[in-house]
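Q: Walk me through one small part of this model in detail, then connect it to whatever else stands out along the chain. Keep it relaxed, but give me the cut-offs behind the words you use.

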Amino acid sequence: EGDVTFSRVFMWDINKPVTLKTHGIIPIFYPQCGVDKSRCLGIQQKRVGAWVVGFKLHFLSQYLSSLQLKGGFIFYVERGTGNFIASSDAKFDTFRTIVDETTKKVSYAPYEANATDFPLKEVKSRVHWLLNEREGKTT
């Protein structure tokens, strides 16, 4: 019931595979009238909780790469952050691996598709257009 929302995409490295993840958040109301409000005429519903479902996003690049595009390329970028989510190039990781030289500790961070060091130039220019020029922003 109500609006389903999604969290920002974040890194997930608690268990394998290390991947990007998002949460779908579904509100829970009482009494439950469903989408047909005529079931609870005159009764005020109250939100009493939420159901949260986690979605690991590693499958998205796997799926896009299986589409057998004829010379084409598909990618997803989170509009709010500019983070690169997935692409039809299954060989490209959607996040960077960072190794601390002193401690050798490994951490992970999403790629910002509009960053100057983003490795896929064709994605970078399109993302720059989408997030900036198309919206009338200047950088």
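A: Start with Ser88, which counts as buried because its relative accessibility is just 14%. Here buried means under 20% relative accessible area, exposed means over 50%, and partly exposed is anything in between, using a 1.4 Å probe and protein chains only. Keep in mind that this is a predicted model: local features need a pLDDT of at least 70, side-chain atom pairs count only at pLDDT 80 or more, and totals for chains, interfaces and linings use all residues. Residues are numbered from 1 along each chain as its sequence is written, and side-chain values use heavy atoms, with hydrogens and water left out.

Ser88 sits in the loop between β6 and β7. The element names come from DSSP runs, numbered from the N terminus: helices are H or I runs of at least four residues, strands are E runs of at least two. Setting aside residues up to four places away in sequence, Ser88 touches Leu64, Ser65, Leu69, Gly72, Phe73 and Ile74. Contact here means heavy atoms within 4.5 Å.

Now look at Ser87, which belongs to strand β6 (residues 84-87). Ser87 is buried because its relative accessibility is 0%. A polar atom of the Ser87 side chain lies 3.1 Å from the backbone nitrogen of Asp89. For reference, a polar contact is a pair of N or O atoms within 3.5 Å; within protein, one must be able to donate a hydrogen and the other to accept it, and residues adjacent in sequence count only if both atoms are side-chain atoms. Leaving out neighbours within four places in sequence, Ser87 is in contact with Ser61, Leu64, Phe73, Ile74 and Phe75.

Ile74 turns up in the contacts of Ser88 and in those of Ser87, so give that residue a look too. You'll find Ile74 in the loop between α1 (58-65) and β5 (75-77). Ile74 counts as partly exposed because its relative accessibility is 28%. Beyond four places in sequence, the contacts of Ile74 are Leu64, Leu67, Leu69, Ala86, Ser87 and Ser88. Take Leu64: ten residues separate Leu64 from Ile74 in sequence, and their C-alpha atoms are 7.1 Å apart.

Gln68 lies in that stretch as well, in the loop between α1 and β5. Gln68 has a positive phi of about 55° although it isn't a glycine. With a relative accessible area of 70%, Gln68 is exposed.

Lys104 has a positive phi too, about 65°, again without being a glycine. Lys104 is in the loop between β7 and β8, and counts as exposed because its relative accessibility is 52%. Lys104 also takes part in a salt bridge with Glu101, the closest N and O atoms being 3.6 Å apart. A salt bridge means a side-chain nitrogen of Lys or Arg within 4 Å of a carboxyl oxygen of Asp or Glu. As background, side chains of opposite charge can pair when their charged atoms come close.

How many salt bridges does a search of the whole structure find? Two. One of them is the pair of Arg96 and Asp117, with the closest N and O atoms 3.1 Å apart. This pair links distant parts of the chain: Arg96 is in strand β7 (residues 95-99), and Asp117 is 21 residues away, in the loop between β8 (106-110) and α2 (121-133). Arg96 is partly exposed at 23% relative accessible area, and Asp117 is partly exposed at 45%.

On to the surface. Ile28, Tyr30, Val48 and Trp51 form a nonpolar patch with about 470 Å² of accessible area together. The elements giving two or more residues to the nonpolar patch are β3 (19-30) and β4 (46-56). Patch residues have over 30% relative accessible area and no salt bridge; like charges are joined within 9 Å, nonpolar side chains (Val, Leu, Ile, Met, Phe, Trp, Tyr) within 5 Å. The areas come from the Shrake-Rupley method with a 1.4 Å probe, and for residues only the protein chains shown count as cover. Tyr30, in strand β3, is exposed at 59% relative accessibility. A cis peptide bond joins Tyr30 and Pro31, with omega about -10°. The bond from Lys16 to Pro17 is cis as well, with omega near -5°.

Finally, confidence: the chain has a mean pLDDT of 85, and 93% of its residues reach 70 or more. pLDDT is the predictor's confidence in each residue, from 0 to 100.
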